[in-house]
Amino acid sequence: MRASLALVLALGLVAQPALAQGKTKASAADEAVAALEMCEAFAKGDVLAVDEAIGAGWDAYEDESESPFIRSYSAGREMPGIGWGDMFSLVESYPNRVLGYCRIDVAEPRGQGEAAIEALAALEDYEGEVTNENGGAYASLVGTGADDSLLIAHWDHVGFVIQLTILTPKPATSEE
């Protein structure tokens, strides 16, 4: 009986480090990348973006529309390692393309800002310029994939911002 109890306790001690790894804190870099991915879903006009945002912990909703060609969305969430983020997204539909815009603002960021900007700039879907000035980190990036996307991000004494614009061609429709 004592041998089996000792075995159970030993197995518990061996498993404890693995269990503790699942509870690691999210880094500012990981949170910034996740926030950008959420912004991309909205800016691409993903019809499930609100549901995905809610599932990811955002208080997200579609705003009242001013036109059948314009949809706007708002969301907010505490982003661990960064601070409270307010998101606004706008999707405008034109005859042959869709303009998607998404911006996340964190007024009083905390954490590793330079690491967050570097993580965004290191994504394989973007390339461009990163600079550090006066204690702030700034990125001006363009998309490298099929989407025509522009990304500005900065983390400085004013705040943390992700600003994304995506121009997506509409598929050609055939009229019979």
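**Reading a sheet, a helix and their salt bridges**

Student: How many strands form the sheet, and in which order?

Tutor: In this predicted model, 8 strands make up an open sheet with antiparallel pairing, ordered 1-2-3-4-8-7-6-5. An open sheet has edges: strand 1 (59-62) and strand 5 (126-133) each have a single partner strand, so one side of each lacks a neighbour in the sheet. From one strand to the next the twist averages 10 degrees.

Student: What does the pairing of strand 1 and strand 2 look like?

Tutor: Strand 1 pairs with strand 2 (residues 70-79) in the antiparallel sense, over 4 bridges. As a case, Tyr 61 has Ser 74 in strand 2 as its bridge partner.

Student: Which strands does helix 2 lie across?

Tutor: Helix 2 lies across strands 2, 3, 4, 5, 7 and 8, and runs at about 35 degrees to strand 8. Helix 4 (residues 113-121) also packs on the sheet, where it touches strands 5, 6, 7 and 8. The direction of helix 4 makes about 10 degrees with that of strand 6.

Student: Is helix 2 largely enclosed or exposed?

Tutor: Burial is judged by relative accessible area, with under 20% counting as buried. Of the 16 residues of helix 2, 13 are buried, so the rest of the structure largely encloses this helix. Its length can be checked too: at 1.5 Å a residue the expected span is 22 Å, and the end C-alpha atoms are 22 Å apart, which agrees. After helix 2 comes Gly 45, with a positive phi near 80 degrees.

Student: Which residues have the most contacts inside the largest nonpolar core?

Tutor: Trp 58 and Phe 160 do, in a core of 42 residues. Helix 2 (residues 28-43) supplies the largest share of this core, 11 residues. Leaving aside residues up to four places away in sequence, Phe 160 touches residues including Ala 32, Met 79, Ile 104 and Trp 155.

Student: What do the salt bridges tie together?

Tutor: The count comes to 4 salt bridges. One of them joins the side chains of Arg 77 and Glu 31, at 3.1 Å from N to O. Arg 77 is in strand 2 and Glu 31 in helix 2, so the pair ties together parts 46 residues apart in sequence. Arg 77 counts as buried at 17% relative accessibility, and Glu 31 is buried at 10%.

Student: Where do Lys 44 and Asp 147 lie?

Tutor: Lys 44 lies in the loop between helix 2 and helix 3 (49-55), and Asp 147 in the loop between strand 6 and strand 7. Their side chains meet in a salt bridge at 3.3 Å, N to O. Lys 44 is partly exposed at 45% relative accessibility, as is Asp 147 at 26%.

Conventions
Residues are numbered from 1 along each chain as its sequence is written. This is a predicted model: local features need pLDDT of at least 70, side-chain atom pairs count only at pLDDT 80 or more; totals for chains, interfaces and linings use all residues. Side-chain values use heavy atoms; hydrogens and water are left out. A nonpolar core is a set of buried Ala, Val, Leu, Ile, Met, Phe, Trp, Tyr and Cys residues joined through side-chain atoms within 4.5 Å. Buried means under 20% relative accessible area, exposed over 50%, partly exposed in between (1.4 Å probe, protein chains only). Helices (H or I, at least four residues) and strands (E, at least two) are DSSP runs, numbered from the N terminus. Contact means heavy atoms within 4.5 Å. The expected span of a helix is 1.5 Å times one less than its number of residues. Two strands pair if DSSP finds at least two bridges between them. Axes are lines fitted to C-alpha atoms, for helices over the stretch in contact, and angles run from 0 to 180 degrees between N-to-C directions.
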